[in-house]
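Here is a brief report on side-chain contacts, covering charged pairs, nonpolar packing and cysteines. Please read it alongside the model.

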Amino acid sequence: MLRSSQPLTGPNRKRCCEDELLLGMVLDKGEQGFIIDTRSAQAVKQARMTGGGTEPKSSYPQWRQLHQPLKRGRSLQESFIKLVEACNNTLTNMDRWLSRLESCRWLSHVKAALSTACLAAQCMDREEASVLVHGVEGTDTTLLVTALAQVILDPSCRTLTGFQGLLEREWIQVSGSPEVDKDPRTPKLSFTPLFPVGVPQAGHPFHLRCARSAASHARLKQEAPLFLLFLDCVWQLSHQFPFSLEFSERLLLTLFDNAYASAYGIFLCNNEKERQESTHSLWAWLNQPGEKRKYLNPLYSPNAMVIWPSVEPQSIQLWQGLFFRWIRSSQHLDEAWGEIQRLAESH
């Protein structure tokens, strides 16, 4: 699996022999690869007029293009804001609540993200084909798809340490921390980022995307909860496969909190080039024996199989542990999980 930004073909259909050679070397003679573009065909046409575009079929004959449009930017941020407002309104009746939940379309974004990740995973697992995923810059929906596909395909990414390595590799792109890199259970699949020469960014621009919360009155054009959408999708996987992920919901909630406000440095800045100052590692804190225990799933049983999530409407659930956390106490749920953990450890 590879990921990249969009090719800069422009309105004149410019070619890049180096790109063509590079992707040609990925496939053996007679093999077919898949290019999953997270934009609609119409969006690609518009991007071409401003210098962007997609791979011309004539120049990449062994690659089949698939368009799987995923929302990003303002529409996704507005969806997030509407959902939080609906969840915080405790005075509404049932019909009104369900109407507001549907109108915010957050669960539709979750479904679309999981569906696209499943498509990428199916191309690799069932077709045994190479996959290239890209959108615009390659730092938003592209990361969402490649990271989710790895959780679906690779059991090592479902461990606590392996999941941290996944976040470093796909979302953060720093040099890596010893607490993550030394894990012997590193993913066995091959995932490679491809960025055009001279492009300094890698990873997700957290500073731009998470500058304000959904409760803020400021409406910045660059904001979008892509990382939250990823965490929500991982929660959906944990909900459908409660024994297959080594980490618990508490880890996902902690990551969400740290993406918006953190004493640690991994979610600072917009890319590796900007993130030059040495900061304290969130992973070093999480992996302390006393802390690590809090984030483990007591029901975990290693599962070497691919986990295929259902994207049927009945299967996609609202992440109550996050969106209701400010109006509903989690005391009893925490106590129940604590008891399950004690029982698991005693056996």
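D140 and R209 form a salt bridge, with their closest N and O atoms 2.8 Å apart. This is a predicted model. The pair joins distant parts of the chain, 69 residues apart. D140 sits in the loop between β4 (131–134) and α6 (141–153). R209 belongs to helix α9 (residues 206–209). Both D140 and R209 are buried. They also take part in a network of salt bridges, together with R72 and E137.

How many salt bridges does the structure hold? There are 9. Three of them are tabulated here.

| Salt bridge | Closest N to O distance |
|---|---|
| D140 and R209 | 2.8 Å |
| E20 and R15 | 2.8 Å |
| E291 and K294 | 3.1 Å |

Side chains of opposite charge can pair when their charged atoms come close. Burial can be read for each partner. E20 has 15% relative accessibility, so it counts as buried. Its partner in the salt bridge is R15. R15 reaches 58% and therefore counts as exposed. For E291, a relative accessible area of 16% means buried. K294, the partner of E291, counts as partly exposed because its relative accessibility is 35%.

Next, the nonpolar packing. In soluble globular proteins, nonpolar side chains tend to be buried together. The largest nonpolar core here has 78 residues. Which of its members touch the most other members? They are W106, F163, W171, F227, F230, L255 and F323. W106 has contacts with L76, S79, F80, L83, P225, L228, L229, D232 and F323, leaving out residues up to four places away in sequence. F323 thus appears in both lists. A second core is separate and has 7 residues, among them L2, L23, I35 and Y60.

Last, the cysteines. A disulfide is a covalent bond between the sulfur atoms of two cysteines. A search of the whole structure finds 0 disulfides. C104 is in none; the nearest cysteine sulfur, that of C87, lies 7.5 Å away. The cut-off for a disulfide is 2.5 Å between sulfur atoms, so a distance of 7.5 Å does not qualify. C104 is buried, at a relative accessible area of 3%. C118 is in no disulfide either. Its nearest cysteine sulfur belongs to C233, 9.6 Å away. C118 has 9% relative accessibility and so counts as buried.

Terms used:
Residues numbered from 1 in each chain as written. Predicted model: local features only at pLDDT ≥ 70, side-chain atom pairs only at ≥ 80, totals over all residues. Heavy atoms only, no water. Salt bridge = Lys/Arg side-chain N within 4 Å of Asp/Glu carboxyl O. Buried < 20%, exposed > 50% of the residue type's maximum accessible area, 1.4 Å probe, protein only. Helix = DSSP H or I, 4+ residues; strand = E, 2+ residues; numbered from the N terminus. Core = buried A, V, L, I, M, F, W, Y, C linked by side-chain atoms within 4.5 Å. Contact = heavy atoms within 4.5 Å.
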